[in-house]
Amino acid sequence: MTPFSGVRLPDVLGAMALIADLGLGQSMGHLARACLLAHRLGIECGFPAGELEPIYYLSVLDFDGAGATGTQRDVTAQFARRLGLAESVCDSLAQMWAQGNPATARQGSIEGPVAVSVRLWRLADVAETQHALGGPEAASEAVSALRGTQIEPDLAERFRLLARGLLEDLPADADQAWQPVRAALPRVDQQLTDPELDVVLEAVADWVDLRSARPLGHSLAVAELAGEASRHLRLDEHDIRLVRRAGLLHDIGRLGVPRVLWTKPGTLSTADRERIRLHSYLTERTLTRPAALAQIGVVAAMAHERLDGSGYHRGLSAADLPTAARVLAVADRFRAGLEGSPRRPAATAQQVATWLVGEAASGRLDGDAVEAVLAAAGQHARRRSALGPAGLTRRESQILALLARGQTNRQIGQSLGVAQKTVGNHIQHIYSKAGVGTRAAAARFALEHGLG
């Protein structure tokens with residue numbers, strides 16, 4: 001039987017919605033409260049439960065669709081299909097950005113009646129925003145102003161009559177707002193198996209790229225590269241899976257930063273740079289629960305840390321950065337270098353490789369991680385000359401030195417931030433290279449070569 005991952009689908013979707021509130025310039029919990037409001041109004045209007053189900057998914061996947069491209073709309077609908085959601089949800093997402101007549105959607109290839117869930121969501125999104133600013137009266141006025149354009153007249157009138165009762169006890173806490181909506185939905189609280197979690201996180205990775213102005217496929221490419229590099233470093237399967245999942249989610253915090261900053265050309269102001277640097281903190285905070293996501297989030301949030309302490313958001317240095325984070329940092333920089341940005345032209349693979357080797361030489365990136373990532377990417381840059389005796393890598397030399405001081409595999413792993421099993425794998429390669437077969441002989445070899 002395939003074991004559960006410890007993560008439910010709402011854990012992932014709810015985290016995305018919370019961080020998206022910031023990117024939309026809304027208060028935390030706006031999407032959750034608007035979702036509950038739309039659901040309440042739908043019940044008051046007597047709509048069937050099946051027609052209300054897509055509201056939850058519209059809310060967690062909402063973003064400013066003005067000027068959205070066909071690719072953006074298609075990818076968002078595909079995201080729902082990859083999660084195994086009902087076709088009604090996929091159809092509603094495809095209609096999300098329809099403009100013009102509120103009873104008809106004409107956007108690209110979409111034409112036909114707008115789903116009940118979309119009509120309710122449009123109203124609730126406006127109403128909750130204005131209610132937060134000015135109370136029920138402000139919400140009613142805003143909805144009335146859009147009557148017949150963005151909001152269906154009959155729905156606007158129904159809201160006007162019920163507004164105070166619908167709005168008066170909307171929870172401030174997002175979890176409390178989600179709970180009654182989720183309780184009314186079939187299958188929404190499904191537990192994810194490990195393979196299902198990987199499918200969900202891959203879908204999230206593409207959706208985050210779409211939302212945050214990354215080239216589509218960036219996050220998945222970082223994840224695959226970091227995972228393969230981890231195999232070159234002989235990390236154990238747990239750490240390889242952790243690195244890959246962290247690669248998929250390393251940019252989720254970008255959803256909390258306005259998209260305009262990611263696409264802004266030229267020199268950024270100090271304030272802009274600080275807001276951009278905040279995204280790694282938001283990645284960590286977004287993935288604080290459950291424990292299975294939190295473990296991923298800790299590594300994902302280290303993607304911009306550097307060994308010399310010059311990175312962000314914590315300014316961690318080498319002693320605090322596990323191998324998983326070091327590999328992820330290099331994989332992210334390799335892909336970002338190839339892709340370029342509004343402020344930096346794309347580079348060739350060899351140019352990026354040369355730059356990464358320089359960063360390792362300067363002490364900002366881990367040399368072994370750089371070599372592993374470049375090998376995984378098919379870029380065999382000139383190997384650094386600072387190999388240890390018998391061709392030991394820097395990491396192997398570190399482990400041998402700690403072994404010579406009498407540390408156990410567990411203690412070595414704790415010192416270097418790697419799994420105990422990974423330490424064991426390294427020790428076997430050390431034995432092979434040094435031509436020894438016991439810890440005592442390895443310790444003598446270390447002492448003879450100045451590693452004790």
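**Cavities, a pocket and some unusual backbone spots**

In the largest cavity, α16 is the top contributor to the lining, giving three residues. The model is a predicted one, and a search through the whole of it turns up three cavities of 30 Å³ or more. The largest of these holds about 80 Å³. Its lining is made up of L233, L235, T323, R326, V327, D366, D368, A369, R395 and H426. Two elements, α16 and α18 (367-376), each put two or more residues into that lining. Sorted by class, the lining of the largest cavity comes out as four nonpolar, two polar and four charged residues.

Next comes the second largest cavity, at about 60 Å³. Around it sit M302, E305, R306, L307, L321, A325, R326, A329, R364, L365 and D366. The class split here is six nonpolar and five charged, with no polar residues. R326 and D366 turn up in the lining of the largest cavity and again in that of the second largest.

Then there is the largest pocket, with about 780 Å³ of space in it. Elements giving two or more residues to its lining are α14, α16 and α17 (349-361). The lining of this pocket runs to 28 residues, and those nearest the centre are I276, Y312, R333, R343 and R344. By class, the pocket lining has 12 charged residues, along with nine nonpolar and seven polar ones.

Y312 also shows up in the backbone geometry: a cis peptide bond links Y312 to H313, with omega at about 15°. H313 belongs to the loop that runs between α15 and α16 (323-339). Another cis peptide bond sits between R289 and P290, where omega is about -5°. In this case P290 is part of the loop between α14 (270-286) and α15 (291-300).

Two non-glycine residues with positive phi round out the picture. A213 has phi near 65° and sits in the loop between α10 (194-211) and α11 (218-232). With a relative accessible area of 28%, A213 falls between the 20% and 50% cut-offs, so it counts as partly exposed. R234 has phi near 60°, and its place is the loop between α11 and α12 (237-249). R234 is partly exposed too, because its relative accessibility is 33%. On either side of R234 in the numbering, L233 and L235 are among the residues lining the largest cavity.

Technical notes:
Residues numbered from 1 in each chain as written. Predicted model: local features only at pLDDT ≥ 70, side-chain atom pairs only at ≥ 80, totals over all residues. Heavy atoms only, no water. Helix = DSSP H or I, 4+ residues; strand = E, 2+ residues; numbered from the N terminus. Buried < 20%, exposed > 50% of the residue type's maximum accessible area, 1.4 Å probe, protein only. 1 Å grid on protein atoms, 1.4 Å probe; cavity = no way out; pocket = protein on both sides within 12 Å on 5 of 7 lines; lining within 4 Å. Points joined across faces, edges and corners; volume = space filled by probe spheres on them. Nonpolar A, V, L, I, M, F, W, Y, C, P; charged D, E, K, R; others polar.
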